[in-house]
Amino acid sequence: MDVPELLARACEVVPGDVRSNAGFSPDDVRACLHRAEWDSALELLVDLPDSPWQTVAFWHLLERAAELLWMHRDAAWCRWRGREVRHGVIRAELRLVPPEAAGGRRLPIPGAGQLRPMWAVGAPDTELRIARVWVERAPEIPPGGRGVIRLAPLSPAAWSHLERGALITMHEGRPVAGTATIVQVTPPREPHVEGPESP
């Protein structure tokens with residue numbers, strides 16, 4: 001399929017009454033497609049609020065369109081969102097240790113899921129667990145900074161006990177590098193056979 005067909009198929013999935021935070025609807029997406037504004041149509045579809053109608057197949061259509069448009073960060077985001085449909089959403093507010101303190105990062109946390117630190121997630125075990133980090137609505141978190149992140153655990157089942165308000169700590173060595181407060185935990189929407197997943 002080419003880009004227009006991929007985007008048109010994705011648009012067909014969207015209920016007619018859905019609106020983005022900016023007020024855009026599926027009709028606005030169709031108008032972009034009619035004008036051959038493929039990148040704008042993709043951005044409108046990606047910006048629609050999280051909802052049960054957003055399936056793995058929906059995000060795969062958008063990922064493929066983004067790849068064909070050379071919109072690499074958008075493609076990575078669509079791939080991330082498809083993973084969240086299968087494994088659930090974990091969002092947290094992260095506060096990094098100041099760079100001059102023990103454990104503090106001297107480089108920013110890159111925003112698009114490249115970093116895979118270890119996390120102490122508490123019960124039911126005390127092992128450190130690996131999860132990738134996606135920074136929301138920002139290209140990065142500066143050293144000593146804070147921001148809302150999404151987490152993609154390598155072993156999602158080990159994180160299933162977390163609830164809103166729980167505190168977890170980020171580790172890149174022995175000292176704590178940051179502390180995160182869980183702000184959202186949403187269970188998977190599509191069944192998936194559990195097992196370690198390559199971040």
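Strand β1 (residues 89–96) and strand β6 lie side by side and pair in the antiparallel sense over 5 bridges. Here, two strands count as paired if DSSP finds at least two bridges between them, and the elements themselves are DSSP runs numbered from the N terminus, with helices being H or I runs of at least four residues and strands E runs of at least two. To find this pairing on your screen, look for R95, which stands opposite R146 in β6.

Before going further, please keep in mind that this is a predicted model, in which local features need pLDDT of at least 70, side-chain atom pairs count only at pLDDT 80 or more, and totals for chains, interfaces and linings use all residues. Residues are numbered from 1 along each chain as its sequence is written, and side-chain values use heavy atoms, leaving out hydrogens and water.

Strand β6 also has strand β4 (residues 128–135) as a partner, and these two run antiparallel, joined by 5 bridges. In this pairing, V133 stands opposite L151 in β6. Strand β6 (residues 146–153) is largely enclosed by the rest of the structure, because 6 of its 8 residues are buried. Buried means under 20% relative accessible area, exposed means over 50%, and partly exposed is in between, using a 1.4 Å probe and protein chains only.

Let us move on to helix α5. The helix covers residues 72–87, and its 16 residues should span 22 Å at 1.5 Å a residue, which agrees with the 22 Å between its end C-alpha atoms. The expected span is 1.5 Å times one less than the number of residues. Among the buried residues of α5 are W77, C78, W80 and R81. The cover over the buried residues of α5 includes α3 (38–46), α4 (56–68), β1, β4 and β6, where contact means heavy atoms within 4.5 Å. Just after α5, G88 takes a positive phi of about 100°.

Helix α3 has its own buried residues, namely A41, L42, L44, L45 and V46. These pack against α1 (3–13), α2 (26–34), α4 and α5.

Finally, what about the cysteines? A search of the whole structure finds 0 disulfides, a disulfide being a pair of cysteine sulfur atoms within 2.5 Å. Why is C32 not bonded to C11? The sulfur of C32 has its closest cysteine sulfur in C11, but the 9.7 Å between them is too far for a bond. C11 is buried, with a relative accessible area of 1%, and C32 also counts as buried, at 6% relative accessibility.
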